[in-house]
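This report describes the fold, the internal space and some backbone features of one protein chain. The sequence and the coordinates come first.

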Amino acid sequence: MNKRRISIEDIARRAGVSHSTVSRALRDNALISPKVREEIKRLAQEMSYVPNAIAQSLQNKRTNTIGVVVTSISDPFFAEVVEGIEKIAKPAGLSVLLSASHRDFEQEMAAIDTFHRRRVDGILIADSRISKQHTKQLTQIAVPTVLINSQTENQSEIFHSVAIDDRLGAKLATEHLISLGHTAIGYLGVSDRSRSNQQRLEGYQMALAEAGIPPNTDWVSISDEYDTRTSDVSTGQNMLSKLLTAEVTGIFCYNDMVAIGALLACQELGILVPRNLSLVGFDGIALGCYVTPALTTVSQPMLEIGGIAMQMLLDLLEEKTVENRVLCPFLVQRGSSTPLLTPMLPVIT
């Protein structure tokens, strides 16, 4: 049989004071003398009193919880973003509720609806598919909301956002390969119509154009199955063959997981990375350090992205002015990319 929960009334009876006096003392109300406050807090601790969170939220009109929607709980990228969110949320006394959308708009809206039912104080949404076209759905979001790397070009103005400069990141990756002497460079993308995929492809194309390298459609490998997106590792493994047929010497991959898939495929085919093929990823997840060879990547400041988004949400809750942020990625060179090897000329005697 469970032990009965200690209530404010129990403390009041033990202390010989009114219910309201105990309630005020536990909230450090200045109407109660410091001596009485300390005595009541001592009794509450001695009696193992636990505050009723529901009652407190009704009184304060806050639940001290925030909802976070990510596309996949298993994705290492979002694990670090959520860590950044929690580093800001916890000192502020906020608990984080997590849900996954699996890159599906309906599941994203279902997660938001669940958070509303739980009366969260605010919501953070990563890789959101919500756009201006979803007018009816937008009216359902009645709490402060911040988007992280929104995947729609026509984002609604009612939301604030934190995003990475995808075009810049793709240019950095492609320019890195060009600087190593590669001129046949492929792009290995993912099978969805996301904003990130489109902008990274554009950044890759811009870098080639600025270097005077003519575009080649055979150098771009993106699945046609836009309605379904398999795991990114599988995408890298399955879509590499087209680029190998096109005889590219370097590949910029949509993200690190795609690059790791391509690396696995190379190992199965006996292709040496980076001797025969240089690979560059995007994100900077920790796993990229532990594969062989370690992955050259364009790194996103994942902890910073989560932390900034959470701080923006805190500012919105306090009705402060908030400005959208676009962060710059940076190149991290490791072992998967190397200067293009030129064939040795025969020695003439």
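In which strand is Asp 283 found? The model is a predicted one, and in it Asp 283 belongs to strand S9. Its phi is near 135°, a positive value in a residue other than glycine. Asp 283 counts as buried because its relative accessibility is 8%, and the cut-off for that class is under 20%.

**Cavity**

The model holds 1 cavity of 30 Å³ or more. The largest cavity encloses about 190 Å³ of space. Its lining consists of 19 residues, and those closest to its centre are Phe 77, Phe 78, Asp 127, Tyr 254 and Asp 283. Two or more lining residues come from each of helix H5 (76-89) and helix H9 (195-210). By class, the lining of the largest cavity comprises 9 charged, 6 polar and 4 nonpolar residues.

**Sheet and packing**

The chain has 12 helices and 12 strands. Six strands form an open sheet with mixed pairing, in the order S7-S6-S8-S9-S10-S12. Strand S7 (220-221) and strand S12 (330-332) each have a single partner strand, so one side of each is left without a neighbour in the sheet. Strand S6 (residues 185-188) runs parallel to S7, and 2 bridges join the two. Tyr 187 is placed opposite Val 220 of S7.

Helix H11 (residues 256-269) lies across S6, strand S8 (250-253), strand S9 (278-283) and strand S10 (296-299), and it runs at about 155° to S9.

Over the chain of 349 residues, 49% are buried. Of the contacts with a separation of 6 or more, 70% are between residues 24 or more positions apart.

**Backbone features in loops**

Two cis peptide bonds that precede proline are listed below, each with the loop that holds the proline.

| Peptide bond | Omega | Place of the proline |
|---|---|---|
| Val 273 to Pro 274, cis | near 10° | Pro 274: loop between H11 and S9 |
| Thr 292 to Pro 293, cis | about -5° | Pro 293: loop between S9 and S10 |

Arg 119 is a residue other than glycine with a positive phi, near 60°. Its place is the loop between helix H6 (105-117) and strand S3 (122-126). Arg 119 counts as partly exposed because its relative accessibility is 39%, which lies between the cut-offs of 20% and 50%.

Conventions:
Residues numbered from 1 in each chain as written. Predicted model: local features only at pLDDT ≥ 70, side-chain atom pairs only at ≥ 80, totals over all residues. Heavy atoms only, no water. 1 Å grid on protein atoms, 1.4 Å probe; cavity = no way out; pocket = protein on both sides within 12 Å on 5 of 7 lines; lining within 4 Å. Points joined across faces, edges and corners; volume = space filled by probe spheres on them. Helix = DSSP H or I, 4+ residues; strand = E, 2+ residues; numbered from the N terminus. Nonpolar A, V, L, I, M, F, W, Y, C, P; charged D, E, K, R; others polar. Pairing = 2+ DSSP bridges. Contact = heavy atoms within 4.5 Å. Axes fitted to C-alpha atoms, helices over the stretch in contact; angles between N-to-C directions. Buried < 20%, exposed > 50% of the residue type's maximum accessible area, 1.4 Å probe, protein only.
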